[in-house]
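The following exercises are to be worked with the sequence and the coordinates at hand. Each task is followed by a solution in steps.

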Amino acid sequence: MNAVALTTLGIEIGWGAALAIKTLVILLIIPAGALILGYVFLLKMMSHMQSRLGPMDPGGFHGWFQLIGDGLKFVQKEDLMPDGADRKVFAGAPAVVLISTFLVFLVIPMGPDLVVKDLDIGVFYALAVSSLSVIGILMAGWSSANKYALLGGLRAAGQLIAYELPLLLAVIGVVIQAGTMSLNGIVVAQQQQSIFGIDWIGNPYILTQFVGFLIFLIAAQAELTQTPFDMPVAESELVGGYHVEYTGFRFLFFFMGEYGTAFAFSAIAATLFLGGYALPWVEGDLANWIGPLVLFAKLMLVAFLMFWARFTFPRLREDQLQAFAWKFLIPLGLANLLVTALFKVAF
Amino acid sequence: MTEFYRSYLAVAVLILAAIGMVGFMLGLGRLIRPVRAQEQKYIPYEAGSDPTGTFGQSNVRYYVFALLFVIFDVEAVFIFPWAVNLESLGWFGLVEMTIFVVVLTLGLVYAWRKGVLRWA
C-alpha cells in the first residue's frame, strides 16, 4: 500500500519513511511488470497470433506454468563466462541495464500524489536514464569476446542512438503543449486544457499530438529492440546478439530489463498521450485510489499496440533501419515540433 | 532539507536500492546454482561450430551517425527549456527556434547529400 493511501486512512508518516515505502513499491513493479507483460503478451497473445502450441501447454490452462518454469530453469543454470571475456565488465553489464530500467519509474505518476518524486524535469530525466541501458548493452557486446555479441552490441548502439532523437522530438511536442516537463504537470495539463474550446474530456494529447504519438511508439519499439527493429538480437543472423554468452541470472536480468523497459515506455506513453492516471470528472482522493488502475489499463493498451507490431511485422535490414530514422522520423519530428509551436503561439 | 536536495536524494536512494536488489539476486543465484567446470563450456558460442578467426575486427560503419547524434542531442538540451517557456516567449521564441531548427536541418541535408546516411 502506498504512502498517500496510508495518509488518507489517517496514518501520518514522514517523507523519509514515505520515500522508503515508495522505493520498495518500485522495486516490486519491475519484476511484476515484466511478469505481466510476459504472461499476457509474450505467452497468450503471441501464441494465439502465431499459432504456437508450445507455450500454451505447460500447466494446463493456457500454459500458465511456462514463465515459472522458465524462471526456475534460469535459477539452476551455471554462471558461464567465456575464456577471453573482460570479467568485470561482463559481470556488470546486465546490472547496468536493469538499474537504468528501475530509475525510470521514479517519475511516473500513478495518482495525483502517488509518485516517488515528481521532478521538475521529469520527462527529460526519464528519457535520460532509460538511455543509460545503451552503455550496459555496449558493455555486454564488447566484453563477451564473441564476434556475434560484438556485432549485436554495435548494432544496438547504432540503433538506440538513432531512435533516441525521434523519441526526444516526439516528447518535445507534448512539452510545448503542456508548458512543463513534470509528468504530473503534463497529466494535469491534459485534464485542464481544451481542444479549440471543447473541454469536456480535457485534451488527451493523443488527439492533438497524434503524429508525436506515432513517432513515440515507433521509436520506443526500436529502443526496446523489438521486431521489426530487432537486428541487435536477431537469432537467425547473430545467434542472439549482445546477450549470447549470458546464462542464468545474468540473462534473466536482460530479460527483465527488456520487459521492464517495455512496461516503463508504455507507462510514459500512456502518461504523455493518453492522460495518465486521470479519468474525466474524477478528482481528489478517488483519483488517488483508482489512479494506478486507470494508468495500468492505459499502459496495457499502449503495450498491446507495441507487441501487436512485434508479433506481426517481419524484420527490417540494418541500413533500412538507419535510413528510416534519419531520413523520415527525424525530419518528421522536427516538422511536428515547429507546427506544434506555431499552433501554441497562434492560438 | 530543501525540496531541491530531496529530489537528488530520491534518485540516490533508488539507485542504491536497485544496486541492492541486483546484488541480492546475484547472491541468491550464487547459493543455488551448480558449478561443474568443463573446458568446452568456456569457448565462445558461435552457433555450434568452433570459433574461427580473430575477435575484435569489426568495421564500425555508422560512427558518423554517432557524430550526427551528438549534434542533435545537444540541440535537444536547448529545445527543452525553450519548449517549457514558449507561452511567454511568443512569436519571438517561435521565429528564433525556427531559424535554429532550419540551420540544424541544413546540417542533416548536407550529411544526406554527402552520402553519409547511405550504407556504403
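**Exercise 1.** In this predicted model, determine which helices of chain A cover the buried residues of α6(A).

*Solution.* Step 1: locate the helix, which spans residues 133-143 of chain A. Step 2: list its buried residues, namely A:Ser133, A:Val134, A:Gly136, A:Ile137, A:Ala140, A:Gly141 and A:Ser143. Step 3: consider the spacing along a helix. An α-helix has 3.6 residues a turn, so residues three or four places apart point the same way. Step 4: identify the cover, which includes α4 (87-104), α5 (122-130), α7 (147-178) and α12 (248-273) of chain A. Step 5: inspect what comes after the helix; α6(A) is followed by A:Ala145, which has a positive phi, near 60°.

**Exercise 2.** State whether A:Asn184 is buried or exposed, and name its contacts beyond four places in sequence.

*Solution.* Step 1: place the residue; A:Asn184 belongs to helix α8 of chain A, residues 183-192. Step 2: apply the cut-off for burial, under 20% relative accessible area. With a relative accessible area of 9%, A:Asn184 is therefore buried. Step 3: set aside the neighbours within four places in sequence; A:Asn184 then contacts A:Pro109, A:Gly111, A:Pro112, A:Val115, A:Asp118 and A:Tyr277.

**Exercise 3.** Describe the interface between chain B and chain A by its area, its polar links and the make-up of the chain B side.

*Solution.* Step 1: count the participants, 64 residues from chain B and 69 residues from chain A. Step 2: take the area; about 6300 Å² is buried between the two chains, and carbon and sulfur atoms give 80% of this. Step 3: search for links between the chains. Two residue pairs are in polar contact, both at pLDDT 80 or more, and there is one salt bridge. The salt bridge joins the side chains of A:Lys344 and B:Glu87 at 3.2 Å, N to O. Step 4: assign the chain B side to its helices, where α1 (3-32), α2 (63-84) and α3 (86-113) each supply at least two residues. The largest share, 18 residues, is that of α1(B). Step 5: sort the chain B side by class, which yields 45 nonpolar, ten polar and nine charged residues.

**Exercise 4.** How far apart do the C-alpha centres of domain 1 and domain 2 of chain B lie?

*Solution.* Step 1: take the bounds from the domain assignment, which gives domain 1 as 1-34 and domain 2 as 60-120. Step 2: compute the separation of the two C-alpha centres, which is 36 Å.

How values were computed
Residues are numbered from 1 along each chain as its sequence is written. Chains are lettered from A and ligands numbered from 1 in the order in which they are written. This is a predicted model: local features need pLDDT of at least 70, side-chain atom pairs count only at pLDDT 80 or more; totals for chains, interfaces and linings use all residues. Side-chain values use heavy atoms; hydrogens and water are left out. Helices (H or I, at least four residues) and strands (E, at least two) are DSSP runs, numbered from the N terminus. Buried means under 20% relative accessible area, exposed over 50%, partly exposed in between (1.4 Å probe, protein chains only). Contact means heavy atoms within 4.5 Å. Domain bounds come from an automatic or database domain assignment. Buried area is the accessible area (1.4 Å probe) that two parts lose on being put together, summed over both. A salt bridge is a side-chain nitrogen of Lys or Arg within 4 Å of a carboxyl oxygen of Asp or Glu. A polar contact is a pair of N or O atoms within 3.5 Å; within protein, one must be able to donate a hydrogen and the other to accept it, and residues adjacent in sequence count only if both atoms are side-chain atoms. Ala, Val, Leu, Ile, Met, Phe, Trp, Tyr, Cys and Pro count as nonpolar, Asp, Glu, Lys and Arg as charged, and the others, Gly among them, as polar.
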